[in-house]
Amino acid sequence: MYQVLYRKYRPKKFSDVYGQDHVISTLKNEIKENRISHAYLFTGSRGTGKTTCAKILAKAVNCENSSDGEPCNECEVCKGLDNGIIYDVVEIDAASNNGVDNIRDLREAANYTPSRGRYRVYIIDEVHMLSSGAFNALLKTLEEPPAHVIFILATTEVHKLPATILSRCQRFDFKRIQPETMAVRLKEVACLEGMTLEDDAAALIARIADGALRDGLSILDQCGSRNKNIDSKLVSQVAGLAGSEALYKLSGCIAGRDSAFAMQLISELYQNSYDMERLCVEMINHFRNFLIVKTVKKSRDLIICTDDEYNSIVDSAKQFTLENVIFNLDLFQSTLTKIKAGANSRIEMEMSFVKLCEPKLDTSQEAVLERISQLERTLKTANSAVSIPVIQMSDDKPKQEQPAQKNLVLNNDNRESGDTESTENENPPSQEAVPVSQPMPAESAAQTREGVSEFEQWAEFLDIIHKKDIALFGVLSGAGAHFDSGRFVIDSTNPTIKQFIQIPTHLKAIKQAVYEITGQPYKIAVSKPKAGSSQKRDLLEDLINKAQDNIKINFK
């Protein structure tokens, strides 16, 4: 009868266990020095070797010819335990034997001496599933068992165990098996099975297994059933992955704002039975690679992949800024949470890509700030080489484009006396302000009409506010400003701005930022929006498109 790979190649001695050297070395030393504890607790995620090590330990303490803490696997006891002929090792599933009566039966059986070995070993798997009464029934026996009894408890959720149980056991934490370590083991097993496993395929299986060698061997088993020559494409098909090519295409759609092609790709993946939740996880891992490339100098050590794939990651990451990557990661994480909560996975993924490809559809504060950041980056790129036309906005409707000027300006026209509300204080800001750098001469301001001049350094002003007062930065984002008769007037339809700048700390931050840029003290005021005024067009999107169009024209 065929035996699956994870059972066929289950380690039979400590030296065969991969990725748990810190546990193995301690257990072997205890056996060599005959300092065996009466109770052990093995904890860690699934597939990391907890039950396997428990069985090896049970053999080692009973082995007649133990050497260097290892079972010989040749003596009568070792063979009897492997074949199930000797019943001195009892494995109990706590998920189905979690009652008080089950533990009472165990306590009674523990009083009998071993039939062949030196110890009766009780392995209680998934011990966190025991009821409160069962835990209480186990306490006394666990603390002072008969001399011939050893308890080995295994669990994936150690936080559910009572402190009274934890304090009575020697605890060993099993780590997730590192992808590079797992890839080595997978290639060894593939060679023994007559398979050809490519390096990138082994690395891909190791990443999918997420630290669980049992899961990795199961995927390898499935791949081997389809083809003895295993490459990354076959692994992607077997595991239901989108494949690296599809991931790069989807991220390219986000960078190129191509929502139509993104929807087409998602539809094709869905029709080919790719799991949308898995696709979301893959997109998170994909952008996580971009995040590492952009933030870590030696990023190659933190990304498990082939050299060719790493080069592709680096090239694709250039399409995004760090802010883009973080925003995209945050959106996909939210999408994954919604999918796990029961939302339609395909619709949630489609909505996510449409939001990322069409930013104006996302009205969240984070999305608006990201679009403003994009506009600022576009202006900084174009400022030295491109003249961008001014788009003036009145309180009633957008006006026609004016002749090109040096900087992009947002201003409110048609102001009448009493249009603004001032906050107090003409005095310059306190001496805590940053020293003045390049004060703006009064003559440099573009005069739109007598007594009123444009404030052309709004992007620089927001940068300073972002460093001084992050909450104020969020409120001021999307606004503008002008000078009017010695006052610095903030132009915005946001009704909360007036209340915000009445708070001394926020008012002080604004005054210091204006003084830092202009070298002059100003009263701070807020313009009153015209009654009934509204903007039907997405002006921010218009400005971004206008700036990008001018860059393309000027660089041709």
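Here a visitor asks about a predicted model and a guide answers.

Visitor: What should I know about this model before we start?

Guide: It is a predicted model, in which local features need pLDDT of at least 70 and side-chain atom pairs count only at pLDDT 80 or more, while totals for chains, interfaces and linings use all residues. Residues are numbered from 1 along each chain as its sequence is written, and side-chain values use heavy atoms, with hydrogens and water left out.

Visitor: Why is the aromatic pair of F42 and F172 called edge-to-face?

Guide: Rings of Phe, Tyr and Trp (its six-membered ring) pair if their centres lie within 6.5 Å; planes under 30 degrees apart are stacked, over 60 edge-to-face, and the rest tilted. F42 and F172 are 5.8 Å centre to centre with 85° between the planes, so they meet the edge-to-face rule. A search of the whole structure finds 18 aromatic pairs.

Visitor: What does the pair of F42 and F172 tie together?

Guide: F42 lies in strand β1 (residues 39-44) and F172 in strand β5 (residues 170-174), so the pair joins parts that are 130 residues apart in sequence. Helices (H or I, at least four residues) and strands (E, at least two) are DSSP runs, numbered from the N terminus.

Visitor: Why do F287 and F290 count as edge-to-face?

Guide: Their ring centres are 5.3 Å apart and their planes stand at 80°, so that name applies. Both belong to helix α14 (residues 276-295), where being 3 residues apart separates them by about one helical turn. F287 and F290 are both buried.

Visitor: How do you know that S352 is buried, and what is T295?

Guide: Buried means under 20% relative accessible area, exposed over 50%, and partly exposed in between (1.4 Å probe, protein chains only). S352, in helix α17, has a relative accessible area of 3%, so it is buried. T295, in helix α14, has 48%, so it is partly exposed.

Visitor: What makes the link between S352 and T335 a polar contact?

Guide: A polar contact is a pair of N or O atoms within 3.5 Å; within protein, one must be able to donate a hydrogen and the other to accept it, and residues adjacent in sequence count only if both atoms are side-chain atoms. The side chains of S352 and T335 make one at 2.5 Å, so the distance falls inside the limit. The side chain of T295 also reaches the backbone oxygen of L291, at 2.6 Å.

Visitor: How do you know that the buried residues of α5 line one face?

Guide: In helix α5 (residues 100-110), I103, L106 and A110 are buried. Seen down the axis, the buried residues fall within an arc of 55°, taken from the directions from the helix axis to the C-beta atoms, so they line one face. The face turned away from that buried side carries the exposed residues D101 and E108.

Visitor: Which residues touch the most other members of the largest nonpolar core?

Guide: A nonpolar core is a set of buried Ala, Val, Leu, Ile, Met, Phe, Trp, Tyr and Cys residues joined through side-chain atoms within 4.5 Å. The largest has 36 residues, and F287, F332 and F353 touch the most other members. Its largest share, 9 residues, comes from α14.

Visitor: What is F287 in contact with?

Guide: Contact means heavy atoms within 4.5 Å. Leaving aside neighbours within four places in sequence, F287 is in contact with S251, I254, F320, V325, N328, L329 and F332.
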